[in-house]
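Me: Please take one part of this protein and walk me through it closely. Keep it brisk, and show me how that part connects to its surroundings.

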Amino acid sequence: VLKSPSGENLTAKTVSRKITAIKNYFLWIVQSDVLKENPAERLVNIRITSPLPDVLFEEECQRLLKEASKNSRTYLLVLLLLETGLKKEELFNLEVKHFDFSNKYKPEMLVMHEGKKVKKDRKLKLPPEIVPVFEDYVSSYSIEDKLFPYTPRTIEYLLKEVAQQAQI
């Protein structure tokens, strides 16, 4: 069992990444003619695959939306995640100005990235029912810039709580 410098055990995925990095480093050293033999050649690395995410069925989505609708913040959060498939990083980058409700029947949202990920920027169509939820949330919570100015832990707590209430 490999341990980190601070003493805790590492996950299998972390160990796999570290072994890959060591093997690649020594391969580069040998290819650069610094060493004649690769000391990492005998390291065995078992590829670790991430588990597939759980998929919600339509009935579960409806229960989740029904429970979330009791609070505009949770409702908007759940609606955005279910309708757009946003990643957590994308969710935290959302700003009020990224939403275009000029046509209330065809609302849109810009998903913006920074740096090398800017090529992943995209415009997404939203369901019309999101407009009043968005407006209620922004006014109730005095949101001006960042759409969700909370910690990831807070968002995870909100989602966990609504999932429990929906018995998911």
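The walk below starts at helix α2 and then moves outward.

Reply: First, the ground rules. This is a predicted model, in which local features need pLDDT of at least 70 and side-chain atom pairs count only at pLDDT 80 or more, while totals for chains, interfaces and linings use all residues. Residues are numbered from 1 along each chain as its sequence is written, and side-chain values use heavy atoms, with hydrogens and water left out.

Helix α2 spans residues 58-68. Helices here are DSSP runs (H or I, at least four residues), strands are E runs of at least two, and both are numbered from the N terminus. Which residues of α2 are buried? They are Glu-60, Cys-61, Leu-64, Leu-65, Glu-67 and Ala-68. Buried means under 20% relative accessible area, exposed means over 50%, and partly exposed lies in between (1.4 Å probe, protein chains only).

Why do these residues line one face of the helix? Seen down the axis of α2, the buried residues fall within an arc of 165°, so they share a face. The arc is taken over the directions from the helix axis to the C-beta atoms. An α-helix has 3.6 residues a turn, so residues three or four places apart point the same way. On the other side of α2, Glu-58 and Lys-66 are exposed.

What does the buried face meet? Its residues pack against α3 (72-84) and α6 (152-165). Contact means heavy atoms within 4.5 Å.

Glu-60 deserves a stop. This residue of helix α2 is charged by class, yet it is buried at 19% relative accessible area. Leaving aside residues up to four places away in sequence, Glu-60 touches Val-55 and Ile-168. Glu-60 and Ile-168 are 108 residues apart in sequence, but their C-alpha atoms are 6.9 Å apart in space.

Glu-67 is another buried residue of α2. Its side chain meets that of Lys-70 in a salt bridge (3.0 Å, N to O). A salt bridge is a side-chain nitrogen of Lys or Arg within 4 Å of a carboxyl oxygen of Asp or Glu. Glu-67 counts as buried at 18% relative accessibility. Lys-70 is exposed, with a relative accessible area of 63%.

The whole structure holds seven salt bridges. One of them joins Lys-97 to Glu-95, with the closest N and O atoms 3.4 Å apart. Lys-97 is exposed at 65%, whereas Glu-95 is buried at 14%. Another pairs Lys-125 with Glu-108 at 3.5 Å between the closest N and O atoms. Lys-125 sits in strand β3 (residues 122-125) and Glu-108 in strand β2 (residues 108-111), so this pair ties together parts 17 residues apart in sequence. Lys-125 is exposed at 65%, and Glu-108 is buried at 19%. Lys-123 joins Glu-108 and Lys-125 in a network of salt bridges.

Back to α2, and to the largest pocket. Leu-64 from the buried face of α2 reappears here. The pocket holds about 480 Å³ of space. Of its 19 lining residues, the closest to the centre are Leu-56, Leu-64, Leu-81, Leu-82 and Leu-159. The elements giving two or more residues to the lining are α3, α4 (88-93) and α6. Helix α6 gives the most, with six residues. By class, the lining has 15 nonpolar, no polar and four charged residues.

The terms need pinning down. On a 1 Å grid over the protein atoms alone, a pocket is an open set of points where a 1.4 Å probe fits, with protein on both sides within 12 Å along at least five of seven lines; lining residues have an atom within 4 Å of a point. Grid points are joined across faces, edges and corners, and the volume is the space filled by probe spheres set on them. Ala, Val, Leu, Ile, Met, Phe, Trp, Tyr, Cys and Pro count as nonpolar, Asp, Glu, Lys and Arg as charged, and the others, Gly among them, as polar.

Last, the loop leading into α2. Asp-33 lies between α1 (12-31) and α2. Its phi is near 60°, a positive value in a residue other than glycine. Asp-33 is exposed, at 70% relative accessible area. Most residues other than glycine have a negative phi.
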